[in-house]
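Me: I'd like a close look at a single part of this one, the nonpolar core and what surrounds it. Could you walk me through it in one go?

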Amino acid sequence: MAKKLYRSNDKVICGVCGGIADYFDLDATIIRVAWVLLSCFTAGFPGIIAYLICAAILPANPNDDKDSDISNMKSAGSSAGYNSNSGSSESTSKASGDFDSYFK
(Lines give C-alpha, C1' and ligand atoms only; values in the text may rest on other atoms or scores of the structure.)
Protein backbone atom coordinates (compact mmCIF):
# COMPACT_ATOMS: atom_id res chain seq x y z
CA MET A 1 0.00 0.00 0.00
CA ALA A 2 1.39 3.41 -0.98
CA LYS A 3 2.02 6.10 1.61
CA LYS A 4 -0.40 9.01 1.54
CA LEU A 5 0.09 12.54 2.79
CA TYR A 6 -2.46 13.64 5.39
CA ARG A 7 -2.77 16.44 7.91
CA SER A 8 -1.65 15.13 11.27
CA ASN A 9 -3.33 15.03 14.65
CA ASP A 10 0.05 16.25 16.00
CA LYS A 11 -0.68 19.86 15.09
CA VAL A 12 0.04 23.38 16.17
CA ILE A 13 -2.10 25.23 13.63
CA CYS A 14 -3.63 22.89 11.03
CA GLY A 15 -1.41 19.79 11.10
CA VAL A 16 0.39 20.35 7.78
CA CYS A 17 3.94 20.18 9.17
CA GLY A 18 3.00 17.23 11.38
CA GLY A 19 1.61 15.42 8.35
CA ILE A 20 4.75 16.08 6.31
CA ALA A 21 6.84 14.84 9.24
CA ASP A 22 4.74 11.66 9.47
CA TYR A 23 5.09 11.08 5.73
CA PHE A 24 8.90 11.36 5.81
CA ASP A 25 9.27 9.73 9.28
CA LEU A 26 10.89 12.84 10.77
CA ASP A 27 10.35 14.87 13.91
CA ALA A 28 7.58 17.44 13.42
CA THR A 29 9.65 20.11 15.18
CA ILE A 30 12.35 19.88 12.49
CA ILE A 31 9.76 20.41 9.75
CA ARG A 32 8.16 23.32 11.63
CA VAL A 33 11.51 25.08 12.17
CA ALA A 34 12.51 24.52 8.54
CA TRP A 35 9.15 25.88 7.33
CA VAL A 36 9.47 29.00 9.49
CA LEU A 37 13.06 29.62 8.39
CA LEU A 38 12.20 29.20 4.73
CA SER A 39 9.20 31.49 5.17
CA CYS A 40 11.33 34.16 6.84
CA PHE A 41 14.04 34.02 4.17
CA THR A 42 11.47 34.28 1.35
CA ALA A 43 9.75 37.36 2.78
CA GLY A 44 7.10 35.24 4.54
CA PHE A 45 4.36 35.33 1.95
CA PRO A 46 5.27 32.26 -0.15
CA GLY A 47 5.57 30.10 2.98
CA ILE A 48 2.29 31.35 4.43
CA ILE A 49 0.47 30.92 1.13
CA ALA A 50 1.91 27.42 0.67
CA TYR A 51 0.83 26.49 4.20
CA LEU A 52 -2.72 27.74 3.63
CA ILE A 53 -2.94 25.86 0.33
CA CYS A 54 -1.68 22.67 1.98
CA ALA A 55 -4.13 23.11 4.86
CA ALA A 56 -6.99 23.45 2.39
CA ILE A 57 -5.94 20.60 0.09
CA LEU A 58 -4.57 17.91 2.43
CA PRO A 59 -7.25 15.67 3.91
CA ALA A 60 -7.33 14.91 7.62
CA ASN A 61 -5.86 11.56 8.56
CA PRO A 62 -8.74 9.05 8.71
CA ASN A 63 -6.74 6.90 11.15
CA ASP A 64 -6.58 9.64 13.79
CA ASP A 65 -8.91 9.08 16.72
CA LYS A 66 -11.51 11.88 16.84
CA ASP A 67 -12.52 10.94 20.40
CA SER A 68 -9.05 11.76 21.68
CA ASP A 69 -9.40 15.32 20.31
CA ILE A 70 -12.63 15.82 22.25
CA SER A 71 -11.20 14.38 25.46
CA ASN A 72 -8.06 16.52 25.08
CA MET A 73 -10.18 19.65 24.67
CA LYS A 74 -12.25 18.78 27.74
CA SER A 75 -9.16 18.11 29.84
CA ALA A 76 -7.52 21.33 28.62
CA GLY A 77 -10.57 23.32 29.66
CA SER A 78 -10.79 21.72 33.08
CA SER A 79 -7.06 22.03 33.76
CA ALA A 80 -7.15 25.75 32.92
CA GLY A 81 -9.52 26.32 35.83
CA TYR A 82 -12.54 27.52 33.89
CA ASN A 83 -15.75 27.51 35.81
CA SER A 84 -19.25 28.84 35.37
CA ASN A 85 -18.68 31.56 38.01
CA SER A 86 -15.93 33.29 36.09
CA GLY A 87 -15.64 37.06 36.25
CA SER A 88 -15.13 39.43 33.35
CA SER A 89 -11.32 39.07 33.35
CA GLU A 90 -11.58 35.29 33.24
CA SER A 91 -14.28 35.29 30.58
CA THR A 92 -11.82 36.95 28.20
CA SER A 93 -9.25 34.22 28.87
CA LYS A 94 -11.94 31.59 28.44
CA ALA A 95 -12.83 32.96 25.03
CA SER A 96 -9.19 32.92 23.96
CA GLY A 97 -8.87 29.39 25.39
CA ASP A 98 -11.80 28.25 23.24
CA PHE A 99 -10.20 29.91 20.22
CA ASP A 100 -6.87 28.18 20.92
CA SER A 101 -8.46 24.78 21.44
CA TYR A 102 -10.21 25.07 18.07
CA PHE A 103 -6.85 25.14 16.27
CA LYS A 104 -5.13 22.42 18.32
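**The core and its surroundings**

Reply: Of the 104 residues in this protein, 17% count as buried. Keep in mind that you're looking at a predicted model. The secondary structure comes to 5 helices and 0 strands, so reading along the sequence just gives you α-α-α-α-α.

Now for the core itself. The largest nonpolar core has 9 residues in all: V16, C17, I20, A21, A28, I31, Y51, A55 and L58. Two or more of these residues come from each of α1 (16-24), α2 (28-41) and α3 (45-57). The largest share is that of α1, with 4 residues. As a general point, nonpolar side chains tend to be buried together in soluble globular proteins.

Stay on α1 for a moment. Its buried residues are V16, C17, G18, G19, I20 and A21. The cover over the buried residues of α1 includes α2 and α3.

From the α3 side, Y51 is a good residue to click on. Y51 counts as buried because its relative accessibility is 13%, and the cut-off for buried is under 20%. Skip its neighbours within four places in sequence, and Y51 is in contact with I13, C14, G15, V16, C17 and W35. Two of those contacts, V16 and C17, are also members of the core.

The aromatic rings are worth a look too. A search of the whole structure turns up 2 aromatic pairs. In one of them, the ring centres of Y23 and F24 sit 5.0 Å apart with the planes at 90°, so this pair is edge-to-face. Y23 counts as partly exposed, at 28% relative accessibility, whereas F24 counts as exposed, at 52%. In the other, W35 meets Y51: the ring centres are 5.7 Å apart and the planes are at 90°, so that pair is edge-to-face as well. Since W35 lies in helix α2 and Y51 in helix α3, the pair ties together parts that are 16 residues apart in sequence.

Next, follow α1 off its end. The residue after α1 is D25, and its phi is positive, near 55°. D25 is exposed, with a relative accessible area of 64%. The structure holds 1 salt bridge, and D25 forms it with K3, with the closest N and O atoms 3.8 Å apart. D25 lies in the loop between α1 and α2 while K3 lies in the segment before α1, so this pair ties together parts that are 22 residues apart in sequence.

Finally, turn α3 around to see some nonpolar side chains on the outside. F45, I49, I53 and I57 form a nonpolar patch on the surface, and together they have about 450 Å² of accessible area. I49 lies in helix α3, and its 48% relative accessibility is why I49 counts as partly exposed. Helix α3 is also one of the elements giving two or more residues to the core.

To put all this in the setting of the whole protein, the accessible surface comes to about 7500 Å², and 64% of it belongs to carbon and sulfur atoms. Among contacts with a separation of 6 or more, 43% are between residues 24 or more positions apart.

Definitions and conventions. Residues are numbered from 1 along each chain as its sequence is written. This is a predicted model: local features need pLDDT of at least 70, side-chain atom pairs count only at pLDDT 80 or more; totals for chains, interfaces and linings use all residues. Side-chain values use heavy atoms; hydrogens and water are left out. A nonpolar core is a set of buried Ala, Val, Leu, Ile, Met, Phe, Trp, Tyr and Cys residues joined through side-chain atoms within 4.5 Å. Buried means under 20% relative accessible area, exposed over 50%, partly exposed in between (1.4 Å probe, protein chains only). Contact means heavy atoms within 4.5 Å. Patches are made of residues with over 30% relative accessible area and no salt bridge: like charges are joined within 9 Å, nonpolar side chains (Val, Leu, Ile, Met, Phe, Trp, Tyr) within 5 Å. Accessible areas come from the Shrake-Rupley method with a 1.4 Å probe; for residues, only the protein chains shown count as cover. A salt bridge is a side-chain nitrogen of Lys or Arg within 4 Å of a carboxyl oxygen of Asp or Glu. Rings of Phe, Tyr and Trp (its six-membered ring) pair if their centres lie within 6.5 Å; planes under 30 degrees apart count as stacked, over 60 as edge-to-face and the rest as tilted.
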